[in-house]
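Here is a short report on one protein chain. Look at the structure first, then read on.

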Amino acid sequence: MNRHLHLALLVLLLSTVAPAAPRLFYSKYFKGSVPEFTQITVERSGQATYQEAKDDDNPIHAQMTDAETQELFDLAEKLDRFQHPIESGLKVANMGTKTFRFENGTEKHEVQFNYSTDTVAQALLERFEYIAETEQDFIALDRAVHYDKLGVNDALLALDISMEHKRVVAAQQFLPLLDRIVKNESFLHIARERAAAIAEAIRKPAPQEKAQP
């Protein structure tokens with residue numbers, strides 16, 4: 001067999017048998033809410049993608065920490081990778097249709113629910129909601145920086161509150177925006193001071209970083 005052809009076939013074979021990396025998927029649809037739809041995928045590497053439409057042509061990508069990523073996958077394992085229903089079956093108000101999905105190559109398990117009494121499912125839902133809230137804070141700050149300089153301080157205040165309540169995920173993604181605010185004298189002084197304080201907190205976090213319910 002031609003040596004180059006042999007190498008090409010070997011590379012093709014290895015690519016087909018290489019193990020796929022696990023992935024977690026979360027989506028929520030709640031008619032009338034803003035946004036009505038959110039979707040999050042988290043790779044085992046920690047790469048997270050946030051969308052506000054299934055065909056979103058401008059998704060947000062963020063790199064989660066190892067600890068944040070491990071926590072999500074640990075919770076998914078405790079839920080047996082979504083191989084069993086988690087819907088409570090109780091007569092409660094509509095809280096939106098939520099979907100958890102685990103993917104790993106050909107393995108795929110998915111559950112949908114409105115409300116679950118399972119404490120592990122509640123914890124996982126909370127962590128995904130933290131991601132969604134973080135990206136919504138990022139969108140608001142990015143929009144203010146580019147189009148509404150007077151609104152930057154309000155966007156920073158919202159982020160500051162989320163930081164205080166330990167609800168921010170992949171906080172490093174904010175640093176380029178925060179540094180831009182600090183260095184640009186066209187922004188309000190109070191906004192520049194707040195941006196500097198938040199950036200400092202991200203770069204030198206307190207020892208206890210784990211999100212609390």
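## Overall picture

This is a predicted model. Buried residues make up 38% of the 213 residues in the protein chain. The chain exposes about 12,600 Å². Carbon and sulfur atoms supply 54% of that area.

Now look at contacts between residues with a separation of 6 or more. Of these, 58% come from residues 24 or more positions apart.

## Helices and strands

The chain has six helices and six strands. Along the sequence they follow the pattern α-β-β-β-β-α-β-β-α-α-α-α.

## The sheet

How are the six strands ordered in the sheet? The order is β4-β3-β2-β1-β5-β6, and the sheet is open. The pairing is antiparallel. Strands β4 (60-63) and β6 (107-113) are the edges, and each pairs on one side only. Neighbouring strands are turned by 15 degrees against each other on average, direction ignored. In general, strands of a sheet pair through backbone hydrogen bonds.

Take one pair as an example. Strand β2 (residues 37-43) and strand β3 (residues 47-51) run antiparallel, joined by four bridges. Here Val42 stands opposite Ala48 in β3.

## Helices against the sheet

Which strands does helix α2 (residues 66-78) lie across? They are β1 (23-29), β2 and β5 (97-104). Helix α2 runs at about 100 degrees to β2.

Helix α3 (residues 119-147) also packs on the sheet. Helix α3 touches β1, β2, β3, β4, β5 and β6. The direction of α3 makes about 105 degrees with that of β2.

Methods
Residues numbered from 1 in each chain as written. Predicted model: local features only at pLDDT ≥ 70, side-chain atom pairs only at ≥ 80, totals over all residues. Heavy atoms only, no water. Helix = DSSP H or I, 4+ residues; strand = E, 2+ residues; numbered from the N terminus. Buried < 20%, exposed > 50% of the residue type's maximum accessible area, 1.4 Å probe, protein only. Contact = heavy atoms within 4.5 Å. Areas by Shrake-Rupley, 256 points an atom, 1.4 Å probe, with all protein chains shown as cover. Pairing = 2+ DSSP bridges. Axes fitted to C-alpha atoms, helices over the stretch in contact; angles between N-to-C directions.
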